[in-house]
Amino acid sequence: MDLHIIGGEPTDAERAAVDELLGAPESGWHGAARDIERDGRTASGGRAITGERHRLLPALHAVQDRIGWISRGALNYICRRLAVPPAEAWGVLTFYHLLGAAPRPPVVAHVCDDIACRLRGAEQLCRALEARLGPPLEGGHPSAAHEAPAGGGEASGVASSRAPAIAWQRSPCLGQCDAGSAALITRAGATVERFVFAPIPSAAALVDAMSAAPYEPGPRAIASAGAPKLLARMLKTDPTSLDSYRAHGGYRALARALELGPERVIEEVTASKLLGRGGAAFPTGRKWDAVRRQPAMPHYVVCNADESEPGTFKDRELMGSDPFAVVESMTICGLATGSTHGFIYVRGEYPLCEARLGGAIRAARAAGLLGDNVMGSGRAFDIEIRRGGGAYICGEETALFNSIEGKRGEPRSKPPFPAEVGVFGKPTVANNVETLVNVLDIVLEGGAAWATTGTTASTGTRLFCLSGHVERPGLYEVPFGTTLREVIELAGGVGGDRAVKAVLLGGAAGSFVTSAHLDMPLTFEAVRDAGTTLGSGVVMVFDETADIGDALQRMAAFFRDESCGQCVPCRVGTVRQQELLPALANGARGASSATYLELSAAMRDASICGLGQTASAAIESALKLGLIQEHARS
């Protein structure tokens, strides 16, 4: 294997960033690294870290954090350390929009211009930023004038002197939809700073924040109808303190799970009829039981915290405000399914969540609640955090597995299913954050008692993310069966005596409903009968002043950009969808709803994964409800 086909050597800073993550190479490694042979040894006897390709994404992040981008020399060094072919590593690097393969300024603001923020003035903000800072970086990369020197060398680790000190770029949804407008600000350096600035009062305030101290978003609207369950500890506990978590009932569920034993825990989860909260609504107990029964070892637990569906921010609040609950529930899942290791895959746009989860893991490990002897039980389970690189497709569980393994985040064909062949080819439980946190109450209350909340087919409570034209955008917990009207009223309703034009349920991959559906119960069965979905819990309200055509155009652009390109129906279909949409709205010759529905059917029926299968859902629903025609007449 030739591991030195990319020109350029790493700078000292790039090498240090990689070595701090992977550990210092053996003596003599640096001078002879270019002579790695097929068995992974260097001419001087040192050894590259082989069989650890799964550390590729963390290594790329380490350099990006330190330098602000990944040069050819840095990538070459990572490839030699991990024994990864450079062509494959290049494919991984260029897959993620948060990673840069060309020089960037040290400070970059990723400004959300997605559908929820557009309803709150994101486009006006972007125009004001362009007036102050110039055009946005395209696709996360500067113009050709700032590209890396062709020869690599020391210069490859330093941005062009012509580059500005700060820059901005447009970003897909940052999961801050309750803020109105938001930006993820990254400052490269020995001590990297990554933080979210939201809400953004003005372009001037954002520019000031890019050179000021890190900013943490203040409290957002969080409420429940009735006694809260998932939100019970929020705003009461210190998310950085294990003692505070235990003072409010933390780790009682793990102790109870150890008393019950793995079989009884899975029986209780099955009796609860808990359905997955990430969008697929698969029975959780059945998934856990399937993994536990697999003879192949080891087993893994993956917490899917790559919350990238536009309009969704529930998992952000759970991880940021109640991180120990995520760790405890993952531990229960691991012990119940015979797993010894878990991964939390946190989206790269959630630095506060990543920091708080990391603190919770370290505190739990120090207290004997993770590790080789969990709570003195003699059972082992530990957790590792993986930061995503900015790719919506990695919310699909098999694409997420590939990302963890150090590959491009492309979905796998099913079967085989993750319960048999998951991450690293082993049986894997993959659950959403909200799904896992529900397990704590199920274990303590018992599955049957927990299931008395909600309806027969939709048990428990549900977190809904209210955004758009409501008075109090935020996170709301209600029992299943609460109507759409009641949820909107919980958020203060639509302001200014304006009427509801439409509501987007489930996010960009969901569908629109109108005011005729306001009394629809929010249950899996009721929304299915209405031809829509709860998805990831998005309730985005559009009042009568909203430009729904603009929102549809942004959704079409989103899916075009986020398609991994692996299958033709999605890769080509998302482009054709974006091209056809304005023609439909303007009544162009050759454009018709029949043409669009034919395209939609091809994408839905032939795409490999849920992205292509649902990319047309919201637009198709708007077409059927007459929302596109209404825009054309305006």
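A charge sits over a ring if NZ of Lys or CZ of Arg is within 6 Å of the ring centre and within 35 degrees of the ring normal. The exercises below use a predicted model, in which local features need pLDDT of at least 70 and side-chain atom pairs pLDDT 80 or more, while totals for chains, interfaces and linings use all residues. Residues are numbered from 1 along each chain as its sequence is written, and side-chain values use heavy atoms, without hydrogens and water.

**Exercise 1. Charges over rings**

Task: Find which tyrosine ring lies under the charged end of arginine 15, and which under that of arginine 347.

Solution:
- Step 1. Arginine 15 has its charged end over the ring of tyrosine 77, 5.5 Å from the ring centre.
- Step 2. For arginine 347 the ring is that of tyrosine 350, and the distance to the centre is 5.2 Å.

**Exercise 2. The parallel sheet**

Task: Give the strand order of the sheet that contains S6 and S9, and state which strands stand at its edges.

Solution:
- Step 1. Strands (E, at least two residues) and helices (H or I, at least four) are DSSP runs, numbered from the N terminus. Two strands pair if DSSP finds at least two bridges between them.
- Step 2. The order is S8-S7-S6-S9, an open sheet of 4 strands with parallel pairing.
- Step 3. Strand S8 (382-387) and strand S9 (428-432) each have a single partner strand, so one side of each is left without a neighbour in the sheet.
- Step 4. Neighbouring strands are turned by 20° against each other on average, direction ignored. Axes are lines fitted to C-alpha atoms, for helices over the stretch in contact, and angles run from 0 to 180 degrees between N-to-C directions.
- Step 5. S6 (residues 299-305) and S9 pair over 5 bridges in the parallel sense, and asparagine 304 stands opposite asparagine 432 in S9.
- Step 6. Helix H17 (residues 433-445) packs on this sheet and touches S6 and S9, its direction making about 95° with that of S9. Contact means heavy atoms within 4.5 Å.

**Exercise 3. An aromatic cluster and a proline**

Task: Describe the pair formed by tyrosine 245 and tyrosine 251, then place proline 239.

Solution:
- Step 1. Rings of Phe, Tyr and Trp (its six-membered ring) pair if their centres lie within 6.5 Å; planes under 30 degrees apart count as stacked, over 60 as edge-to-face and the rest as tilted. The count comes to 11 aromatic pairs.
- Step 2. Tyrosine 245 and tyrosine 251 are edge-to-face, at 5.7 Å centre to centre with 85° between the planes.
- Step 3. Together with Phe324, Tyr245 and Tyr251 form one aromatic cluster.
- Step 4. Buried means under 20% relative accessible area, exposed over 50%, partly exposed in between (1.4 Å probe, protein chains only). Tyrosine 245 is buried at 1%, and tyrosine 251 is buried at 3%.
- Step 5. Proline 239 lies in the loop between strand S5 (221-224) and helix H9 (242-247); with a relative accessible area of 14%, proline 239 is buried.
- Step 6. Beyond its neighbours within four places in sequence, the contacts of proline 239 include Phe324 and Arg356.

**Exercise 4. Cysteines**

Task: Count the disulfides and explain why cysteine 112 forms no bond with cysteine 117.

Solution:
- Step 1. A disulfide is a pair of cysteine sulfur atoms within 2.5 Å, and the whole structure holds 0 of them.
- Step 2. The closest cysteine sulfur to that of cysteine 112 is in cysteine 117, at 3.6 Å, which is too far for a bond.
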